[in-house]
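Subject: Structure for your review

Dear colleague,

Please find below the structure that I agreed to pass on to you. I would be grateful if you could keep it open while reading the remarks that come after it.

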Amino acid sequence: SPALTNRRAVAFPPKAPEAKKTAPPLATRPVNIYFATGRAALDPNARQVLDPVALTAQTYSNAYIRVEGNTDNVGGAQSNVVLSQRRAQAPPFLRR
């Protein structure tokens, strides 16, 4: 199995106060979404897994949510950096 090599994070909202970025989390909910090699599109299963996360983002509009996108070691380093960023931004509720 390919190793994870690249990780990029995106925050929602993008300009959260510094205090929120450094404060200990009130709650954490790790969610794993798997992508086809070289792709950043969410499949129907991923959308279903992300629905509760989107509901949380809507319910607690002042929440700070951290999303990370990872890639494996297939492909070049630069293309994987771009891919990991696209994966981190894949959840629709991160787009305004």
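The following paragraphs set out what was found, beginning with the whole chain and then turning to single elements and residues.

Please bear in mind that this is a predicted model. The protein chain has a mean pLDDT of 76, and 75% of its residues reach 70 or more. Confidence varies along the chain: strand β1 (residues 6-12) has the lowest mean, at 52, while α3 has the highest, at 87.

As to the overall arrangement, the protein chain holds 3 helices and 2 strands. Their order along the sequence is β-α-α-β-α. Of the 96 residues in the protein chain, 27% are buried. The exposed surface comes to about 7,000 Å², and carbon and sulfur atoms supply 53% of that area. Among contacts with a separation of 6 or more, 74% are between residues that stand 24 or more positions apart.

Helix α3 deserves some attention. Helix α3 contains 12 residues and reaches 17 Å from its first C-alpha to its last, which is close to the 16 Å expected at 1.5 Å a residue. Which residues of α3 are buried? They are N80, L83, S84, R87 and A88. These residues lie on the same side of α3, because they cover an arc of only 135° around the axis.

One of these buried residues, S84, may be examined in more detail. S84 is found in helix α3, which runs over residues 77-88. S84 has a relative accessibility of 0%, so it counts as buried, given that the limit for that class is under 20%. A polar atom of the S84 side chain lies 2.9 Å from the backbone oxygen of V81.

Strand β2 offers two further residues to inspect. The first to consider is I65, which is placed in strand β2 (residues 65-71). Is I65 buried or exposed? With a relative accessible area of 13%, I65 is buried. I65 and T28 are 37 residues apart in sequence, and their C-alpha atoms are 9.4 Å apart in space.

The other residue is E68, which also lies in strand β2. E68 has a relative accessibility of 34% and therefore counts as partly exposed. E68 and A88 are 20 residues apart along the chain, and 5.1 Å separates their C-alpha atoms. A88 is also one of the buried residues of α3, so this pair may be a useful place to look when you compare the strand with the helix.

Yours sincerely,
A colleague

Methods. Residues are numbered from 1 along each chain as its sequence is written. This is a predicted model: local features need pLDDT of at least 70, side-chain atom pairs count only at pLDDT 80 or more; totals for chains, interfaces and linings use all residues. Side-chain values use heavy atoms; hydrogens and water are left out. Helices (H or I, at least four residues) and strands (E, at least two) are DSSP runs, numbered from the N terminus. Buried means under 20% relative accessible area, exposed over 50%, partly exposed in between (1.4 Å probe, protein chains only). A polar contact is a pair of N or O atoms within 3.5 Å; within protein, one must be able to donate a hydrogen and the other to accept it, and residues adjacent in sequence count only if both atoms are side-chain atoms. pLDDT is the predictor's confidence in each residue, from 0 to 100. Contact means heavy atoms within 4.5 Å. Accessible areas come from the Shrake-Rupley method with a 1.4 Å probe; for residues, only the protein chains shown count as cover. The expected span of a helix is 1.5 Å times one less than its number of residues. The arc is that of the directions from the helix axis to the C-beta atoms.
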